[in-house]
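Work through the exercises below with the model open beside you. Try each task before you read its solution.

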Amino acid sequence: MPRTDKIFLDARELEHPIPLERAIAAIRELEEKNYFYMIHRKNPIPLIELAKEQGLGVFSREEENGTWHILIARDTSLDLEALCNV
Amino acid sequence: MFSQNGLSLDQAPPISVVFRFFLSGSLFGLLAGVLTLLFGTDIFNADTNHALILTHTLTLGVMLSFMFAALFQMLPVIAGVRLTSPTKKANLVQYPFILGVLSLLFAFYSGKSLFFIGASLLLGGSILGIAFVMLKNLAALQNHSNSSRGMSIALTSLVIVTLLALYMTGTLSGLLAGEHYEQVKTAHYSFGLFGWIALLIISISFQVIEMFYVTPPYPVFISKSLPQRLFGLLLLGTTGSFFFEKTWQVIDLFIIVFMLCYAMMTLRRLSQRKRPIADATVWFWRLGMSLLILSMAATLDTRFYKVASLQAINYIFFAGFALSIVFAMFYKIVPFLTWFHLNAQGYFTAPMMHEVVHPKTAMKHLYIHLATLAAFLVSVYFAPAIYLAGSLLILSFGWMLWQIVHAWKLYVHTQKTGERFEMTMPEAEG
């Protein structure tokens, strides 16, 4: 399996709209071999919609404590669910 | 904006829908400044036409314009309500609304029936029309949050405020006898100030304070039931006042307690932010809540001391509260919408949020706003200061107008000259 690099953002304590601003900046820089991994206190639907509209691979899951894990990759064949730490 | 309920990009209203209401609100704000210069300290005497004209310029022209903008923006975000054809709806509301406000101001000035009738038709049609559409969409929601429930109640209050106003304009135009004019007048401003303005701010704050400023949520006893209790009190006050003259004196005491609880809890939540640095919007919220507390204290005092200056100070505190929150929301919404819409359209050269409205620019507006409030307070005791207050009010809304024009110019410029980014996978070569 080829090596994939994780671009990580813990946005749980960042005030709105900094998480969205940083996330969009990060996914613009995505390459085929890496993926974006964000932890957030909310499910960032605008980010997810925007990534989907751009044809990126997206996966999100909520932890029991309400924390959201959002994974976005340029390579849509990447198994993001397997890369999710929840 | 972020929402757990979910916001699709398709659901977000066009940026022009929100900006056009901000624009008209700012222009009415400029008019309020000019009227202050023309009317002087007459505006503090509630029995004068000048006070009526300025009050309605602020509450209808300024506040309702900004609140329409907030509703068009926040209903999809906070409540997950999708308003179809938002641009068409905004046009159908805004033009008759502006004409209606101007007609009402002329009616107060001239006392002519024609203007009262015109205002009734234009304002009644536009406000009731959009409130009905929004309420219908809210009623169709399967799952309500505390915010969406509160917004529904606030909109219901707006309908009541408007119906009561129609009774009053009907009386003033000579179409109705107006036997219950005094009771209706008290109910009209009580519902307007607490059921509409305060309740909408309260409902939106349940979501935005936690979301924007990373604070713990409001306690359930506030977020779950405050809007319903407040609305219940207003209904009780309105119906009771037809039978018992002193009903509002008792009801007002409960309203004061509720408002104080809410304002103190909001200040507490803002003190629990994890980020130590406070931007202008946090200070606008803090100022707004402090002014609400002072306004409630002044309301309590006016129950015991019938002093004209205290009443005038109370008007300034309450107007200061509402405007502070409007400014706080404005400086969050304008940069975000400009940046977000351009990003959603794929513009690589989209300006960052701090380039749309720089944090220092918002901070300068906070100082202008503080100076305006101080000048109004001084003018209660030293009349010539009213000219400084009026000038500062013009500067305050002029400042705001400039931010809207600047953001719009940046938006259009980026659309015309911007580079679009493409995040999709490139086609495989060969």
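**Exercise 1. A covered strand**

Task: Find strand β2 of chain A and decide how many of its residues are buried.

Solution. Remember that this is a predicted model. Step one: locate β2(A) at residues 34-40. Step two: apply the cut-off, which calls a residue buried if 20 or more other C-beta atoms lie within 10 Å of its own. Step three: count. Five of the seven residues in β2(A) are buried, and the strand is mostly covered.

**Exercise 2. The partners of β2(A)**

Task: Work out which way β1(A) runs relative to β2(A), and how many bridges join them.

Solution. Start with β1(A), residues 5-10. It runs parallel to β2(A), and six bridges join the two strands. Now pick one pair. Lys6(A) has Tyr35(A) in β2(A) as its bridge partner.

Next, turn to β4(A), residues 68-73. Here the pairing with β2(A) is antiparallel, again over six bridges. Pick a pair once more: Phe36(A) stands opposite Ile72(A) in β4(A).

As you follow a strand, keep one rule in mind. In a regular strand, side chains alternate between the two faces of the sheet.

**Exercise 3. The crossover**

Task: Which helix joins β1(A) and β2(A) in a β-α-β unit, and what is the hand of that unit?

Solution. Trace the chain from β1(A). The helix of the unit is α1(A), residues 18-28. The path then reaches β2(A), and the unit is right-handed.

Now place this unit in the whole chain. Chain A has three helices and four strands. Their order along the sequence is β-α-β-α-β-β-α.

**Exercise 4. Two chains, two builds**

Task: Describe the make-up of chain B, then check the radius of gyration of each chain against the globule rule.

Solution. First, count the elements. Chain B has 14 helices and zero strands. Its radius of gyration is 22 Å, close to the 22 Å that the rule gives for 430 residues, so chain B is as compact as a globular protein of that length. Its C-alpha atoms fill a box of roughly 85 × 50 × 45 Å along the principal axes.

Then take chain A, with 86 residues. A compact globule of that length would have a radius of gyration near 12 Å, and chain A agrees at 12 Å. Its box is roughly 35 × 25 × 20 Å.

Finish with burial. Buried residues make up 50% of chain B. In chain A the share is 36%.

**Exercise 5. A helix pair**

Task: Describe how α2(B) and α6(B) pack, giving the angle and the hand of their crossing.

Solution. Two numbers are needed. Two packed helices are described by the angle between their axes and the distance between the axes. Take α2(B), residues 49-79, and α6(B), residues 181-213. Their axes come within 12 Å and cross at roughly 35 degrees. The crossing is left-handed.

Now look at the meeting residues. Among them are Met63(B), Met67(B) and Ala70(B) in α2(B), and Ile197(B) and Leu200(B) in α6(B).

**Exercise 6. One arginine**

Task: Is Arg286(B) buried, partly exposed or exposed?

Solution. Place Arg286(B) in α10(B), residues 280-304. Count its C-beta neighbours inside 10 Å: there are 17, so Arg286(B) is partly exposed. Then list its contacts beyond four places in sequence: Arg286(B) touches Leu267(B) and Leu270(B). Last, compare with Met67(B), 219 residues away along the chain. The two C-alpha atoms are separated by 20 Å.

Key
Residues numbered from 1 in each chain as written. Chains lettered and ligands numbered in written order. Predicted model: local features only at pLDDT ≥ 70, side-chain atom pairs only at ≥ 80, totals over all residues. Rg over C-alpha atoms; globule rule 2.2 N^0.38 Å. Buried ≥ 20, exposed ≤ 12 C-beta atoms within 10 Å, placed from the backbone. Pairing = 2+ DSSP bridges. Right-handed = clockwise from strand over helix to strand, strands pointing away. Axes fitted to C-alpha atoms, helices over the stretch in contact; angles between N-to-C directions. Left-handed = near helix turned anticlockwise from the far one by under 90°. Contact = placed C-beta atoms within 7 Å.
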